[in-house]
Amino acid sequence: MDTIVQLLVSGVMLGGIYAVMSIGLTLIFGVLKIVNFAHGEFLMLAMYSAWAVVTFTGVNAYVAMIVVIPLLFVFGVVVYWLIVRPAVDKPHLIVVFATMGLSIAMQNLALVLMTADLRDIPPLLSGTSLHFGPLYLRLELVIGFLISIIVTAALMLFIKRSYLGKAIRATVQDRDAAMLMGINVPRLFLLTFAAGSALVGLAGCIMIPLYSTFPTVGLNFVLIAYVIVVLGGMGSMEGALLGGICVGVVQSLSGYYVAPAYGQMFYFLIFLLVMVFRPNGLLGQRGAAMIGINE
Amino acid sequence: MTAIPGRSRLAFKGLSFSKAPRRGAVSVIDIVVLALCAIAAVSINSQYAGEIMIRTFLWAGLALAWNIAGGYAGLISFGHAAFFAIGAYTSTILLLAWGISPWLGIIVGALFAGCAGALLTTICARLRGPFFILSTLAAGEVTRIAALNWRSLTGGPEGLEIPPVPSALDMVFKNQWPYLALVLAYMVLMFGLSAWIEQSRYGYFLFATRDDEDGAAAIGINPWAMRVSAMALSAALAGIGGTLYAQYFLYLDPTHIVSPDISFEFALICAIGGLGTASGPVLGALIIVPLSELLRGWLSQSASGLHLVIYGTVVVVVILYFPSGISGAIARAWPQGFGKSFISNEERAL
């Protein structure tokens, strides 16, 4: 019994971290209607930046956010100007292939500059775990989970309550009508893309104490992020949180009861099943998967 | 017996010729390029050049196979490595376990790969755009994990090895010539098939389904059948390429042959060469594969991976500024050639 509770709790916490990694992707998809195939490499950049800040200044990874989040925001702006903006009104293929090319270039630039070595940072407080009755949890996992929940909640509140959030929701619903109502849609696209990228920066800082980073680290995580985003419903933030927790729990349970390698297989199969029976995801917009999105 | 006039015109229009790459016609450029390939293949004198050429022709054939689904039917697949691997594993397992010749295994592998393609498209029948792409990526990953872990069948992470005993019956040869001839034949066959599809009734059905599914359904085309058949055909042809790969390298490494990188490579060759044309994937492969092999050779001492940085950047620039690829750019530069490729068609619609 204790084992199951332990697995469930650590699965949920892992899921929260996965969710924050996926929210940027789902936000960008919701507003711009594009899938950023370089999302994993954004995460790789964030993790390397966090690693560099921690290693060269000695601060802990959560303080490194002050540097990494603005860095990724600026990087998002640059990528938007150079690659996404020229392609956003074209057939979705163009943006798919352009971001794919960016992903290859970034991944290999990391290989050239940083070599294939694994980079990690020393554990916080010499790797203490927290005890809650029979539960043992890694401190980094708990902090990461708490930050994820707070950020996700704050973001949802922001989208629901603020004027900018209202503009974002209007653009998600109907881009043309939003433009006619005087919303500066191109500006909103830029802002959303950069904010999505900044969220990846946050995710990188939460993840660097838990995982080591290497040039192809993005591919592993981005596949999980795609599963989460589709599971929750593309463009839905609540969905990303729910999807993240589902994947975290599945991974944690299957990693213990079945072999970890098959755990991966599990969530890809879940992904395909969701695509067959509920292609809009658990909380997605109706009909989103059936129309060719950016026609 | 007299042929029904209307029907025979559509079914047996035959290939026409044009100067520049054009949908439904074999262009002068294609013939020159293919002839040059054959001449180059006959006149090579070094092992290294032969290796690069084999890889180039094989990849051109595979990209042409990908293009049938991705270009003609608009079914962008990032999971084609799965079909490629199904072909490779099927013929290899048949050979190792039952001693069945790969000449037969190549057909069985193609059938299996084709069934897998049909199954995937049936499962994802309702999905469009990014959703379809992500599903193919997931299907590729499922195949990769299966190949890595189903030890009794695939040999697990150690992979499978074909004993290097030369025998024409087992499609294992001592020197490069037969392989070079095989992959060249594969490429030319794929090209011929693609050029035929472009001008056939079936090809027009595919284009119609791709460009306007509701419109196609309204004039009596079954979009579902078009999507499934195009993906099945494309997957089966990729499976054939898989067997050729297995017989040439004589070793199947699951982390390499089922990796998403391979799927991306097929797609990107088509994107750079020009999607939805028969010339595009050939031109794309002839430029990209040797170039990246040579760059890898030159740059590997100073910085491994640098060639892929260049490659990625080239992809971004080409796709943003020449969305109809190299063949589209040639068609536009060449008067009288009405280059119609996938993206330029859609661009006009916008």
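## From helix α6 of chain B to the fold of chain A

In this predicted model, helix α6 of chain B, which covers residues 129-149, has 21 residues that at 1.5 Å a residue should span 30 Å, and because its end C-alpha atoms lie 31 Å apart, the expected and computed spans agree. The helix is also mostly covered, with 18 of its 21 residues buried.

Part of the setting of α6(B) is the contact between the two chains, to which chain B brings 39 residues and chain A brings 41 residues. On the side of chain B that touches chain A, the elements giving two or more residues are α6, α13 (260-273), α15 (306-321) and α17 (342-349) of chain B. Of these, α6(B) gives the most, with 14 residues. In composition, this side of chain B divides into 28 nonpolar residues, seven polar residues and four charged residues.

A second helix of chain B can be read in the same manner. Helix α4 of chain B, residues 80-98, holds 19 residues, so that at 1.5 Å a residue a span of 27 Å is expected, and the distance of 27 Å between its end C-alpha atoms agrees with this. Like many helices, it can be followed turn by turn in the viewer, since an α-helix has 3.6 residues a turn, so residues three or four places apart point the same way. Burial is the rule along α4(B), where 15 of its 19 residues are buried, and the helix is followed by Gly99(B), whose phi is positive, near 65 degrees.

A positive phi also occurs in chain B at a residue other than glycine, namely Leu250(B), where the angle is near 60 degrees. Leu250(B) belongs to the loop that runs between α11 (223-249) and β4 (251-252) of chain B. With 15 other C-beta atoms within 10 Å, Leu250(B) is classed as partly exposed, because a residue needs 20 or more to count as buried and 12 or fewer to count as exposed.

Turning to chain A, the secondary structure comes to eleven helices and two strands, and along the sequence these elements follow the pattern α-α-α-α-β-β-α-α-α-α-α-α-α. The radius of gyration of chain A is 19 Å, close to the 19 Å that the globule rule gives for 295 residues, so the chain is as compact as a globular protein of that length. Along the principal axes, the C-alpha atoms of chain A fill a box of roughly 55 × 45 × 35 Å, and buried residues make up 53% of its 295 residues. Among the contacts in chain A between residues at least 6 apart in sequence, 76% join residues at least 24 apart.

One such separation in sequence can be followed from helix α1 of chain A, residues 2-32, in which Leu32(A) has its place. Leu32(A) and Leu188(A) are 156 residues apart in sequence, yet their C-alpha atoms are 9.2 Å apart in space. When neighbours within four places in sequence are left aside, Leu32(A) is in contact with Val88(A), Phe189(A), Thr192(A) and Phe193(A). Leu32(A) counts as buried because it has 25 C-beta neighbours inside 10 Å. Lys33(A), in turn, lies in the loop between α1 and α2 (39-57) of chain A, and it has a positive phi of about 60 degrees although it is not a glycine. Is Lys33(A) buried or exposed? With 21 C-beta neighbours inside 10 Å, Lys33(A) counts as buried.

The strands of chain A, β1 (residues 129-132) and β2 (residues 135-138), pair in the antiparallel sense over four bridges. Within this pairing, Leu130(A) stands opposite Leu137(A) in β2(A), while the bridge partner of His131(A) in β2(A) is Tyr136(A). Two residues lie between the strands of this hairpin, in which Gly133(A) takes a positive phi near 55 degrees.

Finally, the confidence of the prediction should be kept in view when chain A is read. The mean pLDDT of chain A is 84, and 93% of its residues reach 70 or more. Over residues 290-295 of chain A, however, the pLDDT is below 50, and this stretch has 14 contacts in the model beyond near neighbours in sequence. Where pLDDT is low, the predicted coordinates should not be read in detail.

Methods. Residues are numbered from 1 along each chain as its sequence is written. Chains are lettered from A and ligands numbered from 1 in the order in which they are written. This is a predicted model: local features need pLDDT of at least 70, side-chain atom pairs count only at pLDDT 80 or more; totals for chains, interfaces and linings use all residues. The expected span of a helix is 1.5 Å times one less than its number of residues. The radius of gyration is taken over C-alpha atoms; the globule rule is 2.2 Å times the number of residues to the power 0.38. Two residues are in contact if their C-beta atoms, placed from the backbone, lie within 7 Å. Two strands pair if DSSP finds at least two bridges between them. Ala, Val, Leu, Ile, Met, Phe, Trp, Tyr, Cys and Pro count as nonpolar, Asp, Glu, Lys and Arg as charged, and the others, Gly among them, as polar. pLDDT is the predictor's confidence in each residue, from 0 to 100.
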